[in-house]
Amino acid sequence: MIRGIKVKKLYDGIHMEPLEDVTVLFDETGFTDIIMSDKTGITGGDQINIEDKSDLYMMPGLVDCHVHLMLPGDGTKGEYIMRDWSQGEVAVMAYRNAMTALAAGVTTLRDCGGAYNCAVTVKNTFERQSVNGPDILSSGAPLTCTGGHCWYMGGEADGPEEIRKKIRSQQKAGAGFVKLMAAYGGTIGVTKTPTFSDEELQAAIDEAHLRGMKITMHSVIYEVTKKLADLDVDMIEHTVMCDAHSTINFLDEEVIEKIREKGIFVDHTLNCVNGTVNMYEEKVKNGTAGSWEKEQYEIYKRYQDLTFESFNFQVERHVPYVVGTDAGWGFSNFKDGYYENIYEMQRNGASAKELIIASTNRAAKAIGLDNILGSVETGKQADFLLLKDDPGVDMAKAIRKPYEIYKRGQIFRS
Ligand SMILES: [Zn+2]
């Protein structure tokens, strides 16, 4: 049955400026019409129940381009999850995280790497048991070299042939895109070097595209970000511009211009080290930090400052940025991660109105789902939020506690 909601302002995810005093019609199959208040004669008028919510703001459901459903986001490292948890416990964690994200207004999740194919397991559970959960797109295990970043998730592959085979077998198991670790990261004992040769990177890109999949690559170092900007990648995760010691930011105009020109989507997971910085900072302040912890605090703090600075530099040069939170990783969690990320992006130069687009329609485009979701448009899936505050003024404040969340036209109740 078609329902209608009349709102104060509608941010449709495509246009910067909102439509005022509009009525949005939808059912479980999608949005059916958007009617301006000065127009009369809604088709089938009498049968449509129109709720007057003209004190509220509407925007599309949030899209998170970078999460790890298998991880708890409480600071526990992935290595310990793999050592201590059963496959079943990991799947349950992934299910719980997906529903926690939905309760925070995140209606679509792209899982950028997990073990045991857990994101596909959750997606299949939603479908088989008719659970109205968030849409999930999974990479399976992230591709990495032997002993490389996140090797323990099961995505090790060396040489073009192994890389191609891994991509094929993961697609067979339900992966919808390819995530590749092009640099080191926060994995215990990993060497601080790029992960793959040029030949291996090219093989991964060719194989992903041959099989109709997008490929996104992780980069936490300038040397790698620079290299990826020259390749035919679809997206760069983190898009960091500093050196391995977090001492120098290479704010390279040429690299950013290439990214902008080629339309390579980028995300910056700006909140993902905040929890780690705060943890060490507290120890330093209350005098319980040892010398190693003091050093870690300095390194993470510098990294945080440099990533904020680099984000601002990129935003000012109009790169196509989207929102990725790295939820699950470190202390970025599924309840607060999205809000924290928007808060940091807004504080570091992104406008609230552009953030609405970057977190919805543009993010859907980045992950290849914009044909079905990401905007409030006739025919799209009816995923949307009703908010008490105007997201075009302060998006972080507006999404902190969504008033109501709708997934596929149905209200979400936790
Ligand atoms: Zn990640």
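How many of the 414 residues of the protein chain count as buried? In this predicted model, the share is 51%. The views below start with the whole chain and then move in.

**View 1. The whole protein chain, with its 13 helices and 14 strands.** Lined up along the principal axes, the C-alpha atoms fill a box of roughly 65 × 45 × 45 Å. The radius of gyration is 21 Å, which agrees with the value near 22 Å that a compact globule of 414 residues would have. There is plenty of long-range contact here: take the contacts between residues at least 6 apart in sequence, and 72% of them join residues at least 24 apart.

**View 2. Where domain 1 meets domain 2.** Domain 1 comes in two pieces, 3–60 and 375–411, while domain 2 covers 62–335. On the domain 1 side, eight residues are in contact with six residues of domain 2. Those residues of domain 1 are a mix: four nonpolar, one polar and three charged. Between the C-alpha centres of the two domains there are 32 Å.

**View 3. An open sheet of seven strands.** Read across the sheet, the order is 3-2-1-4-12-13-14, and the pairing is mixed. Which strands stand at the edges? They are strand 3 (30–36) and strand 14 (410–411); each has a single partner strand, so one side of each is left without a neighbour in the sheet. As a reminder for reading this view, strands of a sheet pair through backbone hydrogen bonds, either parallel or antiparallel.

**View 4. Gly4, with a partner in strand 4 and another in strand 2.** Strand 1 (residues 3–10) runs parallel to strand 4 (residues 49–60), and seven bridges join them. Here Gly4 has Ile50 as its bridge partner. Strand 1 also pairs with strand 2, this time in the antiparallel sense, again over seven bridges. In strand 2, look for Leu25 opposite Gly4.

**View 5. Strand 12 beside strand 13.** Strand 12 (residues 384–387) and strand 13 (residues 404–407) run antiparallel, joined by three bridges. To find your way in, start at Phe384 and look for its bridge partner in strand 13, Tyr406.

**View 6. Helix 10 and its surroundings.** Why is helix 10 (residues 337–347) described as largely enclosed by the rest of the structure? Nine of its 11 residues are buried, so there is the reason. The buried set runs Gly337, Tyr338, Tyr339, Glu340, Asn341, Ile342, Tyr343, Glu344 and Met345. Their packing partners include strand 5 (62–67), strand 6 (106–111), helix 8 (274–285) and helix 9 (291–316). Helix 11 (352–358) and helix 13 (395–399) also pack against these buried residues. Just after helix 10 comes Gly349, with a positive phi of about 115°.

**View 7. Asp21 and Asn117, with positive phi at Asp21 and at Asn117.** Most residues other than glycine have a negative phi. Asp21 has a positive one, about 50°, and sits in strand 2 (residues 19–27). Around Asp21, 14 other C-beta atoms lie within 10 Å, and the residue is partly exposed. Phi of Asn117 is also positive, near 55°. You'll find Asn117 in the loop between strand 6 and helix 3 (118–128). Is Asn117 buried or exposed? With 22 C-beta neighbours inside 10 Å, Asn117 counts as buried.

How values were computed: Residues numbered from 1 in each chain as written. Predicted model: local features only at pLDDT ≥ 70, side-chain atom pairs only at ≥ 80, totals over all residues. Pairing = 2+ DSSP bridges. Helix = DSSP H or I, 4+ residues; strand = E, 2+ residues; numbered from the N terminus. Buried ≥ 20, exposed ≤ 12 C-beta atoms within 10 Å, placed from the backbone. Contact = placed C-beta atoms within 7 Å. Domains from an automatic or database assignment. Nonpolar A, V, L, I, M, F, W, Y, C, P; charged D, E, K, R; others polar. Rg over C-alpha atoms; globule rule 2.2 N^0.38 Å.
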